[in-house]
Amino acid sequence: GVSIDHDGSYVIAEPNLHRISKWAAGATQGELLLGTGRRDYFSSNIGKKISQLDTPYRVEVAANGDYVVLERERVSRWVPGETKGTVVCNKLKSPKGLKIDLDGNYIITESNRVIKWNEE
């Protein structure tokens, strides 16, 4: 999935490479934004800090600039400039989509249901 950052850059989820990259407008090369390029097999507990992504399908940019990532079985939130994110929702089954509504809730679609998730 692709989102637009607040500075106009493209933020791209790369599931097969287990990372999120950022491409400035007109750039010929992107930069590694999130993840290490290695899959995280073990971190699924809510609130647990993680440094690796697990097959990121979608990325959204929150109003405060945080990156919210839909992964294989979870949603994680990453503060720009930090090397670790936080698991905010886990045990998802076949997640398909992620959006952030005007109230900051995460709207997550799975193959047979829609979830409205709020961290607070």
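Here, a residue is buried under 20% relative accessible area, exposed over 50%, and partly exposed in between. Every view below comes from a predicted model.

**View 1. E73 and R72, neighbours in sequence, joined by a salt bridge.** The closest N and O atoms of E73 and R72 are 3.5 Å apart. E73 has a relative accessibility of 40%, so it counts as partly exposed. R72 falls in the partly exposed class because its relative accessible area is 28%.

**View 2. The buried pair E71 and R74.** Their side chains meet in a salt bridge, with an N to O distance of 2.9 Å. Are these two residues buried or exposed? Both E71 and R74 are buried. R74 belongs to strand β8, which spans residues 74-78.

**View 3. E14 and R19 in a salt bridge.** Now to strand β2, residues 10-14, which is where E14 sits. The E14 side chain meets that of R19 with 3.1 Å from N to O. With a relative accessible area of 18%, E14 is buried, whereas R19, at 30%, counts as partly exposed. What else does E14 touch, leaving aside residues up to four places away in sequence? Besides R19, E14 is in contact with S21 and P56.

**View 4. A salt-bridge network of D5, D7 and K22.** This view shows three residues linked by salt bridges: D5, D7 and K22. In general, side chains of opposite charge can pair when their charged atoms come close. The count for the model comes to 9 salt bridges.

**View 5. A nonpolar patch on the surface.** Four residues make up this one: V2, I4, Y10 and W23. Together they offer about 390 Å² of accessible area. I4 lies in strand β1, which covers residues 2-4.

**View 6. The open sheet of 5 strands.** Read across the sheet, the order is β5-β9-β8-β7-β6, and the pairing is antiparallel. The edges are held by β5 (49-50) and β6 (58-61); each has a single partner strand, so one side of each has no neighbour in the sheet. As background, strands of a sheet pair through backbone hydrogen bonds, either parallel or antiparallel.

**View 7. Strand β8 and its two pairings, with β7 and with β9.** How enclosed is β8 by the rest of the structure? Largely so, because 4 of its 5 residues are buried. Towards β7 (residues 67-70), 4 bridges join the antiparallel strands. One of the matched pairs here is Y67 with W78 of β8. Towards β9 (residues 85-90), the strands again run antiparallel and are joined by 4 bridges. On that side, S76 has V87 of β9 as its bridge partner.

**View 8. The hairpins on either side of β8: β7 to β8 and β8 to β9.** The connection from β7 to β8 is a hairpin through 3 residues. In the hairpin of β8 and β9, there are 6 residues between the strands. Which residue takes a positive phi in the hairpin of β8 and β9? That's G81, with a value near 90°.

**View 9. The open sheet of 3 strands.** Its order is β10-β11-β12, with antiparallel pairing. β10 and β12 stand at the edges with a single partner strand each, so one side of each goes without a neighbour in the sheet. Ignoring direction, neighbouring strands of this sheet are turned by 20° against each other on average.

**View 10. Strand β11, paired with β10 and with β12.** β11 covers residues 106-109. What sits on its covered face? Y106 and I108 do, while I107 and T109 are on the uncovered face. Strand β10 (residues 97-100) pairs with β11 over 4 antiparallel bridges, and I108 is the bridge partner of L98. With strand β12 (residues 114-117), β11 likewise makes an antiparallel pairing over 4 bridges. I108 also has a bridge partner in β12, namely I115, and T109 is matched with V114.

**View 11. The hairpins flanking β11: β10 with β11 and β11 with β12.** Between β10 and β11, the hairpin has 5 residues, and G104 takes a positive phi near 85°. From β11 to β12, the hairpin runs through 4 residues.

Note on methods
Residues are numbered from 1 along each chain as its sequence is written. This is a predicted model: local features need pLDDT of at least 70, side-chain atom pairs count only at pLDDT 80 or more; totals for chains, interfaces and linings use all residues. Side-chain values use heavy atoms; hydrogens and water are left out. Patches are made of residues with over 30% relative accessible area and no salt bridge: like charges are joined within 9 Å, nonpolar side chains (Val, Leu, Ile, Met, Phe, Trp, Tyr) within 5 Å. Accessible areas come from the Shrake-Rupley method with a 1.4 Å probe; for residues, only the protein chains shown count as cover. Contact means heavy atoms within 4.5 Å. Two strands pair if DSSP finds at least two bridges between them. Buried means under 20% relative accessible area, exposed over 50%, partly exposed in between (1.4 Å probe, protein chains only). Axes are lines fitted to C-alpha atoms, for helices over the stretch in contact, and angles run from 0 to 180 degrees between N-to-C directions.
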